[in-house]
Amino acid sequence: MPVPADRRAAPPPPARPGSLAARPRSLAARPGSLTARPAPRALARPSVRREGLLLPTGSPVHRLPPQTKLAALPAFAACVVAVPAGSWWALATCGVLLLAVVVASRLPVAAVARRMLVEAPVVVFALLLPVVATGPRVDVLGLELSRAGLLGGATLLVKATLGVLAAVVLAATTSSRDLLAGLERLHVPRTMVAILSFAVRYSAVLVQETRRLQVALAVRGGGRPRLRHLRAVAGGVGALFVRGYERGERVQRSMVVRGWTGALPALESSPASALQWAAAGSLPALALVVALTARAAA
Amino acid sequence: MSGGAAGTGAPGAPSLLVEQLVFAYPDGRQVLFGVDLEVRDGERVALLGPNGAGKTTFLLHLVGVLGAVAGGTGAGRVAVGGLPLTRKTLAEVRRRVGVVFQDPDDQLFLPTVRDDVAFGPANHGLAGPELRARVDRALDLVGLREAADRVPHHLSSGQRRRAALATVLAMEPEVLVLDEPTSDLDPAGRRELSEVLQALPTTLLVVTHDLPFALQLCPRAVLLDEGRVVADGPTRDLLADEALLHAHRLELPYGLDPMSVPAAPGRPGPRPPA
């Protein structure tokens, strides 16, 4: 069918002098304007349908039932914490064990490294420890540092790094839905799992609503929230709360209508075999041996 | 066409019978002033009306979320397939009447589409392979089988709308009620939804002010305004009555002539008020 003439004229006319398109910099160059911000991350990596933090590679670690991984993580972390301070060989062995899991899970190293950045506050604390701690001092590069603080800070740093890395591996190899199903399998109370489940589902919706509110605020108030915009920001938070509350009521209504009487049905999941438990348990078991040996030697 | 999912109600009873429904919100604002409506088995009816006409309030009465059954101020009678709505029959009436709410995000609250579709039937005691089969059937009906394990917020709005529909279809309702099903759908999403709905044998009540959608899907239309039914007849004739539409703040899109479409196929025409 031929396009009618008035429709054909619809595409935007070429940039005329003086039109916005002809002077792209005038808007972009103003600091604080929306366009001057660095490109949002979402633009930098488009069209990747990531479900939460999961990085699917189909590795054996990914295929382990979530409940086994969920149990293995705190067990491993506890063993690492049990290693006495200054027992470097033991911590290094734990690190090698964990790195073997990272290799087995075939996760992209860059992505794992990027996620390790969540550890930053702990790193700052660990670096401060030698400066603020008391006790005998040693001279390092012209700085007078506490010996105990150095030892404690370094141990803290290594242990925290191991814990964070293990958590990153769990999050990257298990979808959020599987994590919830795993918690249910581990007999975490159904209500707790339900609360977590709603949090997972609606955090995405709330983030979208927050963005819309931010845009509405930016369009009218201009730019990022600053001190004098605090009133508006507070109003936005209030609006967000009201919206969230109202949504809660609507969700509850839609649950009631579908026969909900107060208990959420269990998420469908499968039990883990003894072999799978053994596979997931091997990491904390080996770490336990290392920790016990280190404690005996200390 | 006879309702495939229907038939458990009393023989000959209308799918949906509403008599003299009156309701006021706790703040004293009266919204319904005596609504009468009878929908027969397998019929597809559009409930039209401007904003604030009481459409959503009416809809919430059909499942006992509002009204005297829910402890509110109101009167009147609702019966589904011959079963009167009372406190005792509330659970069964809610199983028979499936409501698809306006915002799919309110209806999809579990981690994956499959979990959400399983929610209703699981509440009614289905489990294991039987539950799985029911879920697959509902997802097939809306063409979302391959999206079963996706996270709801990664679906398009059209897919989300159909997923919300599947959550209700999985309960095999006798009457399907949809609240503004075409809001925020693009033309393709709208067409896909109407194809799905047209293929269902279920009794259908579509609350909307999308008049072309009503014309396409529903042979019969009921016009609600200020808490009363002000018109009831074939959708085509109702939409052709310009004075009626104008009096109740409804407008056809520019260039649409309802008489240009063929008269409603299969279904009988005007019906006397109950």
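A residue is called buried here if 20 or more other C-beta atoms lie within 10 Å of its own. With that in hand, here are the close-up views of this predicted model.

**View 1. Helix H4(B), residues 113-123, sits in buried surroundings.** By that cut-off, 11 of the 11 residues of the helix are buried, so H4(B) is largely enclosed by the rest of the structure. Walking along the helix, you meet B:Val113, B:Arg114, B:Asp115, B:Asp116, B:Val117 and B:Ala118 among the buried residues, and also B:Phe119, B:Gly120, B:Pro121, B:Ala122 and B:Asn123. Their packing partners in chain B are helix H5 (128-142) and helix H6 (157-169). Just after H4(B), have a look at B:Gly125, where phi is positive at about 95 degrees.

**View 2. Strand S3(B), residues 44-48, is mostly covered.** Here 5 of its 5 residues are buried, and both faces are covered. One side carries B:Arg44, B:Ala46 and B:Leu48, while B:Val45 and B:Leu47 lie on the other. The strand runs parallel to S8(B) (residues 203-208), joined to it by 5 bridges, with B:Arg44 standing opposite B:Leu204. S3(B) is also parallel to S9(B) (residues 220-225), this time through 4 bridges; B:Leu47 has B:Val222 as its bridge partner there.

**View 3. Six strands of chain B form an open sheet with mixed pairing.** To find your way across, follow the order S6-S7-S8-S3-S9-S10. Strand S6 (97-100) and strand S10 (228-234) stand at the edges with a single partner strand each, so one side of each is left without a neighbour in the sheet. From one strand to the next, the twist averages 20 degrees. Further in, S7(B) (residues 175-179) and S8(B) pair in the parallel sense over 5 bridges, and B:Leu178 has B:Val206 of S8(B) as its bridge partner. Helix H1 (residues 55-62) of chain B packs on this sheet, touching S3, S6, S7, S8 and S9. The direction of H1 makes about 150 degrees with that of S7(B).

**View 4. Helices H5(A), residues 66-82, and H13(A), residues 274-297, pack together in chain A.** Their axes are 8 Å apart and meet at an angle of about 5 degrees. Angles under 35 degrees count as roughly parallel, and the two helices are therefore roughly parallel to each other. On the H5(A) side, the residues to look for include A:Ala72, A:Ala75, A:Phe76, A:Cys79 and A:Val80. On the H13(A) side, they include A:Trp277, A:Ala280, A:Leu283, A:Pro284 and A:Leu288. By class, this contact has 13 nonpolar, 3 polar and 2 charged residues. For the wider setting, chain A holds 13 helices and 2 strands, and 23% of its 298 residues count as buried.

**View 5. Chain A and chain B touch through 24 residues of chain A and 26 residues of chain B.** Helices H10 (176-185), H11 (190-221) and H12 (230-257) are the elements giving two or more residues to the chain A side. H12(A) provides the largest share, with 7 residues. By class, the side of chain A that touches chain B has 11 nonpolar, 5 polar and 8 charged residues.

Note on methods: Residues are numbered from 1 along each chain as its sequence is written. Chains are lettered from A and ligands numbered from 1 in the order in which they are written. This is a predicted model: local features need pLDDT of at least 70, side-chain atom pairs count only at pLDDT 80 or more; totals for chains, interfaces and linings use all residues. Two residues are in contact if their C-beta atoms, placed from the backbone, lie within 7 Å. Ala, Val, Leu, Ile, Met, Phe, Trp, Tyr, Cys and Pro count as nonpolar, Asp, Glu, Lys and Arg as charged, and the others, Gly among them, as polar. A residue is buried if 20 or more other C-beta atoms lie within 10 Å of its own, exposed if 12 or fewer, and partly exposed in between; C-beta atoms are placed from the backbone. Two strands pair if DSSP finds at least two bridges between them. Axes are lines fitted to C-alpha atoms, for helices over the stretch in contact, and angles run from 0 to 180 degrees between N-to-C directions. Angles under 35 degrees count as roughly parallel, over 145 as roughly antiparallel, 65 to 115 as roughly perpendicular and the rest as oblique.
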